[in-house]
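Notebook open, model loaded. I want to go through the metal site, the strands, a couple of odd backbone angles and the charged pairs.

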Amino acid sequence: MPMFVDHSPPGQCIFCRLIAGEIPAALVHEDEHTIAFMDIGQVTPGHVLVATRRHAATLLETTPEEAAAVMRTVHGVAQAVQAAFDPPGLTLLQANGALGGQTVAHFHMHVVPRHAQDGISFTWPRQEPPPAVLADYAARLRAAL
Ligand code: AMP
Ligand code: ZN
């Protein structure tokens with residue numbers, strides 16, 4: 001996981017500059033709240049980023065409207081990726097904070113076409129706590145919602 005996050009001031013971060021047209025991008029879609037463009041890193045062909053138009057560092061700084069708008073755009077982009085690239089799989093990834101794997105601190109979601117042996121891996125250290133522990137976690141979250 002990358003441990004460096006670009007925390008440039010709002011308006012000067014790499015995606016704000018891209019949105020302002022100050023640096024080039026291969027645009028896919030723009031609307032009131034979102035912008036979609038090709039990831040310069042192209043983990044697989046057709047790899048798209050969908051970002052908020054307004055600078056919000058992470059998911060927690062987006063409004064519900066912006067978060068919903070990003071997912072609406074992701075939905076459309078996913079259909080377009082399927083039509084244009086026909087991958088046998090598709091993974092969405094959204095990272096928050098250095099420990100969450102985020103490297104650009106401007107909220108965005110990856111739409112990644114997937115193929116056999118595409119080299120992408122993600123370890124998932126599954127645990128199975130007892131039902132009482134799950135119930136306690138759920139109660140804490142219900143209280144926080
Ligand atoms: P994350 O690690 O989830 O924060 O992802 C940041 C992504 O932004 C990486 O996949 C980079 O390849 C991508 N990226 C960085 N700069 C640019 C840029 N100028 N245009 C397009 N994608 C970029
Ligand atoms: Zn920004």
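For the metal, I counted as donors N, O and S atoms within 2.8 Å. Note to self: this is a predicted model.

**Zinc site**

I looked up what holds the zinc ion (ligand 2), and found Cys13 (SG), Cys16 (SG), His55 (ND1) and His106 (ND1), at 2.0 to 2.3 Å. Next I checked the geometry: the angles among the four donor atoms run from 104 to 119 degrees, and the site is tetrahedral. Along the chain I read the donor spacing as C-x2-C-x38-H-x50-H. Cys13 and His106 tie distant parts of the chain together, being 93 residues apart. I placed Cys13 in the segment before helix 1 (14–19), and His106 in the loop between strand 4 (89–93) and strand 5 (108–114). Are Cys13 and His106 buried or exposed? I have both down as buried.

**Strands 1 to 3**

I started from strand 2 (residues 34–38), where four of the five residues are buried. Strand 1 (residues 27–30) runs antiparallel to strand 2, and I count three bridges between them. One pairing I wrote down is Leu27 with Phe37 of strand 2. The connection from strand 1 to strand 2 is a hairpin through three residues. On to strand 3 (residues 48–52): strand 2 pairs with it over five bridges, again in the antiparallel sense. There I found Thr34 opposite Thr52.

**Backbone oddities**

I went looking for positive phi values, since most residues other than glycine have a negative one. Gln42 turned up with phi near 30 degrees. It sits in the loop between strand 2 and strand 3, and I log Gln42 as partly exposed because its relative accessibility is 30%. Asp86 also has a positive phi, about 50 degrees, without being a glycine. I find Asp86 in the loop between helix 2 (64–85) and strand 4. Its relative accessible area is 58%, so I put Asp86 down as exposed.

**Salt bridges**

How many salt bridges does the count come to? I get six, and I wrote up three, as follows.

- Arg17 with Glu22: the closest N and O atoms are 3.6 Å apart. Arg17 is partly exposed because its relative accessible area is 32%, while Glu22 is exposed at 52%.
- Arg54 with Glu66: here the closest N and O atoms are 2.7 Å apart. The pair links distant parts of the chain, twelve residues apart, with Arg54 in the loop between strand 3 and helix 2, and Glu66 in helix 2. I noted Arg54 as partly exposed at 40% relative accessibility. Glu66, at 5% relative accessible area, is buried.
- Arg140 with Asp136: I read 4.0 Å between the closest N and O atoms. Why does this pair fit the helix? Arg140 and Asp136 are four residues apart in helix 3, so about one helical turn separates them. Residues three or four places apart in an α-helix point the same way, because there are 3.6 residues a turn. Arg140 is exposed at 56%, and Asp136 partly exposed at 40%.

**Helix 3**

Since I was there, I checked helix 3 (residues 131–144) itself. Its 14 residues reach 20 Å from first C-alpha to last, close to the 20 Å expected. I also asked how many of its 14 residues are buried. The count is zero, so I put helix 3 down as hardly covered.

Notes
Residues numbered from 1 in each chain as written. Chains lettered and ligands numbered in written order. Predicted model: local features only at pLDDT ≥ 70, side-chain atom pairs only at ≥ 80, totals over all residues. Heavy atoms only, no water. Buried < 20%, exposed > 50% of the residue type's maximum accessible area, 1.4 Å probe, protein only. Helix = DSSP H or I, 4+ residues; strand = E, 2+ residues; numbered from the N terminus. Pairing = 2+ DSSP bridges. Donors = N, O, S within 2.8 Å, 3.2 Å for Na, K, Ca; no water. Tetrahedral: all angles 85-135°; square planar, octahedral: opposite > 155°, others 65-115°. Expected span 1.5 Å × (residues − 1). Salt bridge = Lys/Arg side-chain N within 4 Å of Asp/Glu carboxyl O.
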